[in-house]
Amino acid sequence: MNKGSSEVRTVVVERELTHPPEKIWRALTQPHLIAEWLMKNDFAPVVGHRFNLSGDWGGVLDCEVLAIEPNKTLSYTWDFAHADAAYNLKSIVTFTLTPTPAGTRLRMEQSGFRPDQRQAFGGANAGWQQFFGKLEQVLARPQ
């Protein structure tokens with residue numbers, strides 16, 4: 001990618017989990033569980049619902065549910081307003097759950113990083129790895 005490129009970048013994290021899609025879906029859509037692995041929130045699994053994710057780092061993400069297909073797909077905006085264009089992010093997060101013989105393949109895709117948002121892209125790449133680690137801990141407990 002050259003400096004003049006207008007290519008939008010995407011963070012993708014995929015994990016094979018030994019849990020059924022229904023259990024993972026609960027962790028992706030129940031506010032008290034989302035708070036344990038992602039951030040504090042006022043999420044509701046309803047298309048068009050606007051909600052906030054509040055990070056421990058003090059930032060607040062403005063989100064809106066775009067698509068819901070229970071136990072299969074969840075998509076929402078993930079916007080962070082910032083005075084510095086390198087951090088002023090308008091992105092979309094999509095979770096896709098695919099049943100496998102061993103459980104479920106969970107794919108998270110966050111799209112919308114502009115070429116001038118290298119640091120935000122890198123932060124998201126690292127952040128999602130940590131979020132997925134916490135998600136696996138939540139899923140390991142009986143729910």
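Me: Which residues of H1 are buried?
Reply: The buried residues of H1 are Pro21, Lys23, Ile24, Trp25, Ala27, Leu28 and Thr29, where buried means under 20% relative accessible area with a 1.4 Å probe and protein chains only. H1 is a helix, that is, a DSSP run of H or I of at least four residues; strands are E runs of at least two, and both are numbered from the N terminus.

Me: What sort of model is this, and how are residues numbered?
Reply: This is a predicted model, in which local features need pLDDT of at least 70 and side-chain atom pairs count only at pLDDT 80 or more, while totals for chains, interfaces and linings use all residues. Residues are numbered from 1 along each chain as its sequence is written, and side-chain values use heavy atoms, leaving out hydrogens and water.

Me: Strand E3 next: which residues form its covered face?
Reply: Phe51 and Leu53 form the covered face of E3 (residues 50–54), and Arg50, Asn52 and Ser54 the uncovered one.

Me: In what sense do E3 and E4 pair, and over how many bridges?
Reply: E3 and E4 (residues 60–69) pair in the antiparallel sense over five bridges; pairing requires at least two DSSP bridges between two strands. Arginine 50 has glutamate 64 in E4 as its bridge partner.

Me: What about the turn of that hairpin?
Reply: Five residues lie between E3 and E4, and glycine 58 in the turn has a positive phi of about 95°.

Me: Which side chain makes a polar contact with that of arginine 15?
Reply: The side chain of glutamine 129 does, at 2.9 Å. A polar contact is a pair of N or O atoms within 3.5 Å; within protein, one must be able to donate a hydrogen and the other to accept it, and residues adjacent in sequence count only if both atoms are side-chain atoms.

Key: Buried < 20%, exposed > 50% of the residue type's maximum accessible area, 1.4 Å probe, protein only.
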